[in-house]
Amino acid sequence: MTRPAASIRPATAPARAGRRRLLAAVGTAALAASAMPVARAQAWPSKPIRLVVVYPTGGVSDSVARLLAPRLAERLGTPVVVENKGGAQVITDAVGGQFELLTTNPSSAVNQFVARGTPRLLAVGAPKRLDSHPDVPTLAELGQPEANLTSTFGLFAPAATPAPVVQRVADEIARLLAQPELRQRLLDTDNVPAALGPAEFGALVRREHETDARIVKAANIRAE
């Protein structure tokens, strides 16, 4: 795969931290008709796989990718190389008082700052309170249930990727997410494993796009 990436919908924060779902899936864009011969699909993978994370190192997307990469490489029999394409993080600006409110995902880096008392958690965007922060209320408890959004992680591949390859990746990640040790490591960082197949994941992405489009239209949000 040349362009797999984490798929994130921001909904959480040190001011508002939430739970996330990690999906064993590859986006429906990868299910488009392929000109690649079946024999090539059956021979896959024949070279290292690039797992491109469109966020900087040290963030939650990067952490999840690096948890999966060596395990996925072992199952596929070829190296899985994580590449980061994102910009700088904003958590240091928040700690430095550059702005008053930040929404972000929990991560080891964020939690280290929170443990020191800066920034201070105000609420979590999650269906229930986080086990790691049981004293912090959810946005629903504060009268904002529609703001209880979760971030979703998944893998995407180029549209020309053969369907058998897409399904192979989804199946292998589902097997990984079923491993007790990996599941617990994800749960410890407020990531909830949820193995979805390509069709289910594609449907979820389309629903989230529709929901986000309605929010953008209702709020008259425009690019600047």
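1. Let's start with a term: two residues are in contact when they have heavy atoms within 4.5 Å of each other. Take the contacts in this chain between residues at least 6 apart in sequence: 78% of them join residues at least 24 apart.

2. A word on what you're looking at. This is a predicted model, where local features need pLDDT of at least 70 and side-chain atom pairs count only at pLDDT 80 or more, while totals for chains, interfaces and linings use all residues. Residues are numbered from 1 along each chain as its sequence is written, and side-chain values use heavy atoms, with hydrogens and water left out.

3. Now the overall layout. The chain has seven helices and five strands; these are DSSP runs numbered from the N terminus (helices: H or I, at least four residues; strands: E, at least two). Walk along the sequence and you meet the pattern β-α-β-α-β-α-α-β-α-α-β-α.

4. How much of the chain is buried? Of its 224 residues, 44% are, where buried means under 20% relative accessible area, exposed means over 50%, and partly exposed is in between (1.4 Å probe, protein chains only).

5. On to the inside. A nonpolar core is a set of buried Ala, Val, Leu, Ile, Met, Phe, Trp, Tyr and Cys residues joined through side-chain atoms within 4.5 Å. The largest one here has 24 residues, and V80 and L182 touch the most other members. Two or more residues each come from strand 2 (49-53), helix 2 (60-76), strand 3 (80-84), strand 4 (151-155), helix 5 (163-177) and helix 6 (180-188). Helix 2 gives the largest share, nine residues.

6. Have a look at L182 itself. Setting aside neighbours within four places in sequence, L182 is in contact with L67, L68, R71, L176 and L177. Apart from the largest core there is another core, of seven residues, including V110, L121, L130 and V136.

7. Helix 7 is a nice one to check with a ruler. Its expected span is 1.5 Å times one less than its number of residues; for the 21 residues of helix 7 (residues 198-218) that should be 30 Å, and the end C-alpha atoms are indeed 30 Å apart. After helix 7 comes N220, which has a positive phi, near 55 degrees.

8. Which residues of helix 7 are buried? They are P198, F201, G202, L204, V205 and E208. Seen down the axis, these buried residues fall within an arc of 155 degrees, so they line one face of helix 7; the arc is that of the directions from the helix axis to the C-beta atoms. The face turned away from the buried side carries the exposed residues A199, R214, K217 and A218.

9. There is one aromatic pair in the structure. Rings of Phe, Tyr and Trp (its six-membered ring) pair if their centres lie within 6.5 Å, and planes under 30 degrees apart count as stacked, over 60 as edge-to-face and the rest as tilted. F156 and F201 are tilted, at 5.4 Å centre to centre and 55 degrees between the planes. F156 sits in the loop between strand 4 and helix 5 and F201 in helix 7, so the pair ties together parts 45 residues apart in sequence. F156 is partly exposed, with a relative accessible area of 21%, whereas F201 is buried, at 1%.

10. Last, T57, in the loop between strand 2 and helix 2. T57 is partly exposed, at 48% relative accessibility. Not counting residues up to four places away in sequence, T57 touches D62, R66, N84 and Q89.
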